[in-house]
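Here is a short tour for anyone who likes to know a protein before picking up a pipette. Have the viewer open, and let us walk through the model together.

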Amino acid sequence: MSGGGAIMHAPAASPDKGEQAMDQAEAPLQGAAIIAAIKKAGVDYVLSVPDLHTSTGLLKPIAHDPDLKLIRVCKEDETLGIAAGLSYGDRRALILIQYTGFLYAMNAIRAMACEQSMPMCLMIGLLGKEPEKASRDSGRFGVRIIEPLLDVMGIAFHRIAQDADAGLIAPAIEAAYMQSKPVAFLIERRPVHA
Amino acid sequence: MIDRKQAWKRLAAHITNEIVVSTYSSASDWIAEIDRPLNYFAFGAMGLASSHGLGLALAHPERRVFVLDGDGSLLMNLGTLVTIGAVAPKNFTHIVARNDTYEANGGHPIPGRDAHFAGLAREAGIAKSHRIDTLESFEALIPTLLHEDGPIFVELIIQQGELSARSYKEMYRKERRAAFKQALQNG
């Protein structure tokens, strides 16, 4: 099982995960590939609190991209309300936050993504995740608990660790909006900006 | 001080095709006054009514969006004032009913009764911020709230009154959301 790939609900442990993690460590993750995927998915708005993990590779180019409207919010739970409102006008939004922000916004995610099954698309930066480890094995407690929390909340997620994984983004966002359900993308390594 | 039910009654008399987002006690008083498909109830996490309203205002620039909020709710999401001030949607009117209590949570006092919400909104970048403490002055302001470019913020000083009956289950049911979406599509 690769680091990116299929929607995951089951524990990610696999016999060769260490080897795969090493492969990921050597492969680049271009922010441009992720941004192209977001646009392909028809995303109009990016709602964000800055995250050091995605600052250079994603947020800065998004801020200068004329095809995307960036709304900078003060706290992550605002993004859930704004995205919900936008969805009633068929406007698609990507929520770009750090894993700490995901934890902060948990109550809003519980309500809107899980209980109300709104199309909430969460792109979550795993700041400090070690490239050679699966996130569930991270030495950082906050990183280690993200996948299990998504599992228990029933939120499908994709690991985004290299350029090839960006191909998972547009179909998943499309499905989220068509089926009115949440989805999460875990940015496992720091995207680079050419 | 103002009776919120009376304030909503005066506002409802002017409402046509506007989106009205409401929450908790403001919502239960509003729905008791005027139940219509273009009412949107800010479900889920307390404090986010104005965030829902901001998203709706951006998605529907052709419509005025009213947010009927409470002081306890706003305190849970004060940063929203800065976000709204920065985005500055022209079709956005945010009314905060203030009675210094968490009405929906047992009537306990908010942490600071000296807070000046209109002042906070103004300093957050919402220049058109008003503090209103009589029903007559609120009624006189309604045309402005409907037609003047926003964002507009109103701190409405209300008295503690009898709460309207409420059922969150009824407010948040899927049929209401579907009717809301249909009403938007109908134009």
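A good place to start is a pair of residues in chain B: Ile95(B) stands opposite Val154(B) in S8(B). Bear in mind throughout that this is a predicted model.

**The strand around Ile95(B)**

S4(B) and strand S8 (residues 152-157) of chain B pair in the parallel sense, over six bridges. Strand S3 (residues 65-70) of chain B also pairs with S4(B), again in the parallel sense and over six bridges. Within that second pairing, Gly70(B) is the residue opposite Ala97(B) of S4(B).

How many of the residues of strand S4 (residues 92-98) of chain B are buried? Seven of the seven are, so the strand is largely enclosed by the rest of the structure. In a regular strand, side chains alternate between the two faces of the sheet. Both faces of S4(B) are covered, with Phe92(B), His94(B), Val96(B) and Arg98(B) buried on one side and Thr93(B), Ile95(B) and Ala97(B) buried on the other.

Leu156(B) ties several of these pieces together. Leaving aside residues up to four places away in sequence, Leu156(B) touches Ile95(B), Val96(B), Ala97(B) and Arg98(B), along with Ile2(B), Ala7(B), Ile132(B) and Phe138(B).

**The nonpolar core**

In soluble globular proteins, nonpolar side chains tend to be buried together. Here the largest nonpolar core has 106 residues. Which residues have the most contacts inside it? They are Ala93(A), Ile95(A), Met120(A), Ile124(A), Val21(B) and Leu156(B). The helix that gives the most to this core is H3 (residues 49-59) of chain B, with six residues.

Another helix of chain B is mostly covered: in H2 (residues 24-33), eight of the 10 residues are buried. These are Tyr24(B), Ser25(B), Ser26(B), Ala27(B), Ser28(B), Asp29(B), Trp30(B) and Ile31(B).

For contrast, look at Arg10(B), which has its place in helix H1 (residues 4-12) of chain B. Arg10(B) has 17 other C-beta atoms within 10 Å and is partly exposed. Beyond residues up to four places away in sequence, Arg10(B) touches Leu135(B), Phe138(B), Glu139(B) and Ile142(B). Ala42(B) is 32 residues from Arg10(B) in sequence, and the two are 22 Å apart in space, C-alpha to C-alpha.

**Chain A and its sheet**

Now turn to chain A, whose secondary structure comes to nine helices and six strands. Of its 194 residues, 48% count as buried. Among contacts in chain A with a separation of 6 or more, 79% come from residues 24 or more positions apart.

Six strands of chain A form an open sheet with parallel pairing, in the order S2-S1-S3-S4-S6-S5. Strand S2 (69-72) and strand S5 (156-160) stand at the edges with a single partner strand each, so one side of each is left without a neighbour in the sheet. From one strand to the next, the twist averages 20°.

Inside the sheet, strand S3 (residues 92-98) and strand S4 (residues 121-125) of chain A run parallel and are joined by four bridges. One link to look for is Ile97(A), whose bridge partner in S4(A) is Ile124(A). Helix H9 (residues 169-179) of chain A lies across strand S1 (43-48), S3, S4, S5 and strand S6 (183-187), running at about 155° to S6(A).

**Where the chains meet**

The contact between the chains takes 21 residues from chain A and 22 residues from chain B. On the chain A side, helix H4 (76-87) and helix H6 (106-115) each supply at least two residues. The largest share of that side, nine residues, comes from H4(A). By class, the side of chain A that touches chain B has 12 nonpolar, five polar and four charged residues.

**Backbone details worth a look**

Most residues other than glycine have a negative phi, and most peptide bonds are trans. These places depart from that pattern:

| Place | Backbone value | Location |
|---|---|---|
| Ser180(A) | positive phi of about 50° | loop between H9 and S6 of chain A |
| Asp100(B) | positive phi of about 65° | loop between S4 and strand S5 (101-102) of chain B |
| Gly150(B) to Pro151(B) | cis, omega near 5° | Pro151(B) in the loop between helix H7 (135-147) and S8 of chain B |

Is Ser180(A) buried or exposed? Ser180(A) is exposed, with 12 other C-beta atoms within 10 Å. Asp100(B), with 17 C-beta neighbours inside 10 Å, counts as partly exposed.

Key
Residues are numbered from 1 along each chain as its sequence is written. Chains are lettered from A and ligands numbered from 1 in the order in which they are written. This is a predicted model: local features need pLDDT of at least 70, side-chain atom pairs count only at pLDDT 80 or more; totals for chains, interfaces and linings use all residues. Two residues are in contact if their C-beta atoms, placed from the backbone, lie within 7 Å. Ala, Val, Leu, Ile, Met, Phe, Trp, Tyr, Cys and Pro count as nonpolar, Asp, Glu, Lys and Arg as charged, and the others, Gly among them, as polar. A nonpolar core is a set of buried Ala, Val, Leu, Ile, Met, Phe, Trp, Tyr and Cys residues joined through C-beta atoms within 7 Å. A residue is buried if 20 or more other C-beta atoms lie within 10 Å of its own, exposed if 12 or fewer, and partly exposed in between; C-beta atoms are placed from the backbone. Two strands pair if DSSP finds at least two bridges between them. Axes are lines fitted to C-alpha atoms, for helices over the stretch in contact, and angles run from 0 to 180 degrees between N-to-C directions.
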